[in-house]
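User: Can you walk me through how the pieces of this fold pack against one another? I'd like the reasoning along with the answers.

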Amino acid sequence: MRSSCLTSFEVAETLTGEFKYLYELESQEQSKKYAEQIVTQLSRIKGEFDGCAEHIAVLVPGSPPTVAQQLLDTVRDSIQDDTLRSCIPQSAGYSKAGLYFGPVENFAGLERPYVIVTGMQHPHYLVHRKENEGWIDGSSAVDSRVYLAVTRCTFELMLVEVNVAVFGSCLLYTSDAAD
């Protein structure tokens with residue numbers, strides 16, 4: 001099944017190659033899709049356990065910082081419920097209500113019962129990995145940020161990604177998994 005996956009590197013190449021003009025448009029559209037699903041999950045949790053913001057972490061890639069802030073701003077703008085909106089921090093990190101929305105790298109060693117992992121296929125993150133971290137297709141399929149994020153949860157893990165089925169089927173944590 002992995003052979004049919006469009007890798008993150010191929011997506012990043014598309015966004016930086018001849019179709020670079022689509023980069024910002026794709027980024028904005030994906031942020032809206034992410035925000036819609038994040039708000040749905042936050043509303044569901046809030047409905048089940050009112051006042052539990054301190055039990056939730058929304059983990060996003062910390063590099064580049066534009067990913068966390070763009071998703072945070074889009075989520076805040078998408079929320080209709082004032083009580084829920086008050087739980088969302090103004091900048092990446094902790095809100096006054098205790099909800100964490102920010103870089104997974106800053107959450108190492110910590111855990112929460114509810115963890116929403118998102119933004120790992122965000123165009124800014126994919127391009128950053130390609131251009132700044134030297135990730136080349138085939139060099140490594142392991143994304144340490146994804147691994148760190150999914151291991152922070154103690155009760156319910158929610159993976160909010162555009163094309164989550166394809167993203168999930170392309171995850172590889174050991175070289176044996178590809179065989």
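Analyst: Sure, let's begin with a helix pair, bearing in mind that this is a predicted model. H2 and H3 are oblique to each other, and the numbers behind that are worth going through.

User: What angle do H2 and H3 make, and how far apart are their axes?

Analyst: Helix H2 covers residues 23-48 and helix H3 covers residues 65-78. Angles from 35 up to 65 degrees fall outside the parallel and perpendicular classes, so the pair counts as oblique. The crossing is right-handed. The angle is about 55 degrees, with the axes 8 Å apart.

User: Which residues of H3 meet H2, and what is the mix of residue kinds in that contact?

Analyst: From H2, the contact takes in Ser27, Gln28, Ser31, Lys32, Tyr34, Ala35, Ile38 and Val39. Facing them in H3 are Gln70, Leu71, Thr74, Val75 and Ser78. Sorted by kind, the contact comes to six nonpolar, six polar and one charged.

User: On to the sheet: which strands stand at the edges?

Analyst: The sheet is open, has five strands with mixed pairing, and reads S2-S3-S1-S4-S5. A strand at either end of that order has a single partner, so one side of it is left without a neighbour in the sheet. The edge strands are S2 (93-94) and S5 (153-160).

User: How many bridges join S1 to S3, and which residue is the bridge partner of Val60?

Analyst: S1 (residues 56-60) and S3 (residues 100-103) run parallel, joined by four bridges. Along that pairing, Leu59 sits opposite Gly102 in S3. For Val60, the partner in S3 is Pro103.

User: Which strands does H2 touch, and at what angle does H3 run to S3?

Analyst: H2 packs on the sheet through S1, S3, S4 (112-118) and S5, and its direction makes about 150 degrees with that of S5. H3 lies across S1, S3 and S4. Its angle to S3 is about 150 degrees.

User: What links S2 and S3, and which turn residue has a positive phi?

Analyst: S2 and S3 pair in the antiparallel sense over two bridges, and one of the partnerships there is Gly93 with Phe101 in S3. The two strands form a hairpin with five residues between them. In that turn, the residue with a positive phi, about 100 degrees, is Gly98.

Methods: Residues are numbered from 1 along each chain as its sequence is written. This is a predicted model: local features need pLDDT of at least 70, side-chain atom pairs count only at pLDDT 80 or more; totals for chains, interfaces and linings use all residues. Side-chain values use heavy atoms; hydrogens and water are left out. Axes are lines fitted to C-alpha atoms, for helices over the stretch in contact, and angles run from 0 to 180 degrees between N-to-C directions. Angles under 35 degrees count as roughly parallel, over 145 as roughly antiparallel, 65 to 115 as roughly perpendicular and the rest as oblique. A crossing is left-handed if the near helix is turned anticlockwise from the far one by less than a right angle, and right-handed if clockwise. Contact means heavy atoms within 4.5 Å. Ala, Val, Leu, Ile, Met, Phe, Trp, Tyr, Cys and Pro count as nonpolar, Asp, Glu, Lys and Arg as charged, and the others, Gly among them, as polar. Two strands pair if DSSP finds at least two bridges between them.
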